[in-house]
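Reader: Could you take me on a close look at one part of this model, the open space in it and whatever sits around that space? Feel free to wander outward from there.

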Amino acid sequence: MPRRPGSIAPTPPDRPVVHLARDTPRHAVAARLAAEEWRRVGRGVYVPVDGPPDKRADALARIVGLHARLASATCFGHTSAALLHGLPLWEAAAVTHVFQRSSASGDRSSEIVRHTPFPLPEDVVVLDGIPATTLGRTAWDCARYLRALGGLVIVDAALRAGVQRADLEARAAAAARGRGSARGMAVLRLADGGAESAWESACRFTLLRAGLPVPQTQIPVATRLGTFWADLGWEEWKVLLEYDGRTKYVGRSTEEFMREKRRHDAVVEEGWRMLRVTRDDVRDSALLVRRVAALLPPAVAASLRPRRDLG
């Protein structure tokens, strides 16, 4: 799939710094907490206070802490493996998912979800010293166990990170009658590695769930100023959607704003219609669908039927 120049694929994050209660005297932990130098993020797991809390970083810290605490063979999976691979999540990871060879354990923490059976050797990879399910296994597990939107966000990103669609299709075929397989296959059919953020995936999901035709991602548009790339749209009807995140214009100069305006004008001059989409638009899904449908041929807009497989 062609991608815009400079497009960056997800990569595994750096291992976070954590402090474990087992390695630190109780009075020292209490002193660090009182001085607001440390913050508790999980059972016996603390992180340095160097800014406002970050749910994603906290979830990674809990994974590191649990890996250090568990004595038996483990492999992190589902959304926990997604975090270790650097994939975005639609919802914050409230629990840590871990595969173990036995479900028996004296640790019944509500922060942990344990899974069996243990993955096959070919489905395990070590990321910065921590065992996790491979990118393909992680994407498929998330596609079938998460809600459709959360699964799509992860599978889109996994494709962008390099997992092969054939790998996911083989996993879907092998689990054709398994738990969550119908949902997983619906997500896989619509996944697209051209989405560059969770919100772009969510925007596309909103349109697909409403029954709109499947949009193309990463659309190159030739103009008098050069070739520009749009996030998604429909080439046959010359309709484009651009997702504008909250940080897109932060700190940008007037000159950069003017370049963006010239780019927009040049695209419109070529006969394209462009709709800019924000988080608020995605959250108001009914309004977003109406706005997009108004740009498409009347027959297409009139034939919309919500998809039940993405409920």
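Author: Sure, let's start with the largest pocket, which holds about 490 Å³ of space. Of the 21 residues lining this pocket, Trp 90, Glu 91, Leu 146, Arg 147 and Gly 150 come closest to its centre. Four elements each give two or more residues to the lining: helix H3 (78-85), helix H4 (135-145), helix H5 (148-161) and helix H8 (198-209). H5 has the largest share, with three residues. By class, the pocket lining splits into 13 nonpolar, five polar and three charged residues. Keep in mind that this is a predicted model.

Two of those pocket helices are also linked by a salt bridge. Arg 204 sits in helix H8 and Asp 156 in helix H5, so to speak two distant parts of the chain, 48 residues apart. Their side chains meet at 2.9 Å, N to O, and both Arg 204 and Asp 156 are buried. As a general point, side chains of opposite charge can pair when their charged atoms come close.

That is one case from a longer list, as the whole structure has 19 salt bridges. Another one pairs Asp 123 with Arg 171, where the closest N and O atoms are 2.9 Å apart. Asp 123 lies in the loop between strand S6 (112-115) and strand S7 (124-127), while Arg 171 belongs to helix H6 (residues 165-174), so this pair ties together parts that are 48 residues apart in sequence. How covered are the two partners? Asp 123 has a relative accessible area of 9%, so it counts as buried, the cut-off being under 20%. Arg 171, at 16%, is buried as well. The pair also belongs to a network of salt bridges that links Asp 123, Arg 137, Asp 141, Arg 144, Asp 167 and Arg 171.

For a more open setting, go to Arg 307 and Asp 309, whose side chains form a salt bridge at 2.9 Å, N to O. Arg 307 is partly exposed, with a relative accessible area of 27%, and Asp 309 is partly exposed too, at 33%.

Now back to empty space, but the closed kind. The structure holds one cavity of 30 Å³ or more, and the largest cavity has a volume of about 70 Å³. Gly 42, Arg 43, Val 45, Arg 62, Leu 66, Arg 69, Thr 96, Ser 109, Glu 111 and Ile 112 line this cavity. Sorted by class, they make three nonpolar, three polar and four charged residues. Helix H2 gives the largest share of the cavity lining, three residues.

H2 covers residues 55-69, and Ala 57 is found in it. Ala 57 is partly exposed, with a relative accessible area of 35%. From Ala 57 to Arg 15 is 42 residues in sequence and 9.6 Å in space, C-alpha to C-alpha.

One last stop, among the strands. S10 (residues 226-234) is mostly covered, with seven of its nine residues buried. On one side, S10 pairs with strand S9 (residues 216-223) in the antiparallel sense over seven bridges, and a hairpin joins the two through two residues. S10 also runs antiparallel to strand S11 (residues 239-243), with three bridges between them. Leu 232 is a handy marker here: in S10 it stands opposite Thr 217, and it also stands opposite Leu 241 in S11. The hairpin of S10 and S11 has four residues between the strands, and Lys 238 takes a positive phi near 55 degrees there.

Methods
Residues numbered from 1 in each chain as written. Predicted model: local features only at pLDDT ≥ 70, side-chain atom pairs only at ≥ 80, totals over all residues. Heavy atoms only, no water. Buried < 20%, exposed > 50% of the residue type's maximum accessible area, 1.4 Å probe, protein only. Pairing = 2+ DSSP bridges. 1 Å grid on protein atoms, 1.4 Å probe; cavity = no way out; pocket = protein on both sides within 12 Å on 5 of 7 lines; lining within 4 Å. Points joined across faces, edges and corners; volume = space filled by probe spheres on them. Nonpolar A, V, L, I, M, F, W, Y, C, P; charged D, E, K, R; others polar. Salt bridge = Lys/Arg side-chain N within 4 Å of Asp/Glu carboxyl O.
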